[in-house]
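Here are my notes for your read-through. Please keep the structure open beside them.

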Amino acid sequence: MTLVRSVSLRRILDSRGNPTVEADVLTDSGGFGRAAAPSGASTGEYEAIELPAGEAIASARQHAIPRLVDEVHAGNQREVDAALRGADGTDDFSTIGANSAVAISMAAAKAGADVLGAPLFQHLGGTFRGDGFPTPLGNVLGGGEHAKAATHIQEFLAVPHGAPNVAEAVFANAAVHDRIGALLDERDLPAGKGDEGAWAPAVTDAEAFDIVAAATDDVAADVGFDVAVGLDVAASELYDADAEVYRYGDVERTPAEQVDYIAGLVDEYDLAYVEDPVEEDDFGGFADLTDRVGDRTVLCGDDLFVTNVDRLQRGIDEGAGNAILVKPNQIGTLSDAVDAVELATRNGLDAVVSHRSGETEDTTIAHLAVATGAPFIKTGTVGGERTAKLNELIRIAEDAV
Ligand SMILES: C=C(OP(=O)(O)O)C(=O)O
Ligand SMILES: [Mg+2]
């Protein structure tokens, strides 16, 4: 194993044009890794803290880098991540910023893989990984915090769960995106794109269901395998805690009506996947919904669990959800993210490794999904920062990384 020789941090641009943290890690045997932090827009209240990039870098230079250089081994991820936690000294990385922490954690992992001469997924997951692949969930139409004048539901997702391999799944999602563009044209509905490259037309949620279901049906008929519809409701963004109602524009739903509404949508549209159907503190509502439809759809906690094993354990104890979204920057290190996947898997929950709405060309999550054997990855459909991950998955499947 080889010691970390240097850690360099800089500000680079993310896909929204905001500054984010990039880390370079160099080892004493010449291993090199580079990684960058993503950034959320519909962030959960219980996420680790993202600091302004310049502040995060200054603080990590002061507190973390002296604890890493000539102190920890790049190939020993737990040692690297424990040093980051020790240097920060808080539970939520509010000293050095989860953005500095995750960039360094991922860059060290890449340096460790470089030293071994192995692809990152193999370094993280072991030599027998790489024969199973996650189904990509593709955001094809949406609004919410990612495009304010569009749908209330944040993401309508293509779920190509019948695809014979990852490349065909990736191309099917792109075809759904393309088909939606054509359907919007036919209906004279002008549409820009949201932060993740999904179409963002000014339509009602009902119209969006109609368009996305037509597009997935058309593409399924073309490709010859099943392409279902999924959602990220991002319900915390719709919830008015003072009034205790969900607001879809002028339509209000009580928490009980929200559960009925989502259960109805699962059956009406045969939804294969629903993320954050209720707000982030409503473990009870999540559990009700899991009782009602958890046998026929994936019910995934994003803002509910925030990649945090304590919140996930509560969900397991209360029967809230049957899947967890895994975003390394929500918790701050790769070790913590892997712990969340392992706790989920041991308890029969699916892991869904995920991008953020603000992204870079970094491909770590593609490797993390393969390394952990996660059944799903959520990483967009089009746009360079999204296709970077999808194309990396195709390369991993071909053993060409
Ligand atoms: C990817 C998501 O968006 P953000 O990164 O804005 O939280 C999400 O909510 O799942
Ligand atoms: Mg989400």
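The points below go from the overall fold to the annotated positions and the ligand shell.

1. Status. This is a predicted model. Please read every point with that in mind.

2. Overall fold. The protein chain has 14 helices and 16 strands. Its C-alpha atoms fill a box of roughly 60 × 45 × 40 Å along the principal axes. The radius of gyration is 20 Å, which agrees with the value near 21 Å for a compact globule of 401 residues.

3. Packing. Of the 401 residues, 59% count as buried. Among contacts with a separation of 6 or more, 71% join residues 24 or more positions apart.

4. Annotated positions. An unreviewed UniProt entry lists Gln-154, Lys-327, Arg-356, Ser-357 and Lys-378 under "binding site". The "binding site" annotation, also from an unreviewed entry, covers further positions, including His-146, Glu-155, Glu-275 and Asp-302.

5. Gln-154. This residue sits in the loop between β4 (135-142) and β5 (155-159). Gln-154 counts as buried because 29 other C-beta atoms lie within 10 Å, and 20 would be enough. Its contacts beyond four places in sequence include Ser-42, His-146, Asp-232 and Glu-237.

6. Glu-155. Strand β5 holds Glu-155. It is buried, with 28 other C-beta atoms within 10 Å. Beyond four places in sequence, Glu-155 touches Asn-139, Gly-142, Ala-198, Leu-231 and Asp-232.

7. Glu-275. Look for Glu-275 in strand β12 (residues 273-275). The residue is buried, with 27 other C-beta atoms within 10 Å. Leaving aside neighbours within four places in sequence, its contacts include Leu-231, Asp-232 and Asp-302.

8. Lys-378. Strand β16 (residues 376-378) contains Lys-378. Is Lys-378 buried or exposed? It counts as buried, with 29 C-beta neighbours inside 10 Å. Outside four places in sequence, Lys-378 touches Leu-137, Val-352, Ser-354 and His-355.

9. Ligand 1. Which residues are around ligand 1? They are Gly-40, Ala-41, Ser-42, Thr-43, Glu-145, Asp-232, Ala-234, Asp-302, Ser-354, His-355, Arg-356 and Ser-357. By class, the shell has two nonpolar, six polar and four charged residues. Domain 1 (4-117) and domain 2 (135-397) each supply at least three residues to this shell.

10. Shell and annotation together. Asp-302, Ser-354, His-355, Arg-356 and Ser-357 are in the shell around ligand 1. The UniProt "binding site" annotation covers these residues too. Asp-232 is also around ligand 1. It is in contact with Gln-154, with Glu-155 and with Glu-275.

Key. Residues are numbered from 1 along each chain as its sequence is written. Chains are lettered from A and ligands numbered from 1 in the order in which they are written. This is a predicted model: local features need pLDDT of at least 70, side-chain atom pairs count only at pLDDT 80 or more; totals for chains, interfaces and linings use all residues. UniProt positions are given in the numbering used here, feature names are shortened, and annotations may be inferred rather than shown by experiment. Helices (H or I, at least four residues) and strands (E, at least two) are DSSP runs, numbered from the N terminus. A residue is buried if 20 or more other C-beta atoms lie within 10 Å of its own, exposed if 12 or fewer, and partly exposed in between; C-beta atoms are placed from the backbone. Two residues are in contact if their C-beta atoms, placed from the backbone, lie within 7 Å. A residue is near a molecule or strand if its C-beta atom, placed from the backbone, lies within 6 Å of it. Ala, Val, Leu, Ile, Met, Phe, Trp, Tyr, Cys and Pro count as nonpolar, Asp, Glu, Lys and Arg as charged, and the others, Gly among them, as polar. Domain bounds come from an automatic or database domain assignment. The radius of gyration is taken over C-alpha atoms; the globule rule is 2.2 Å times the number of residues to the power 0.38.
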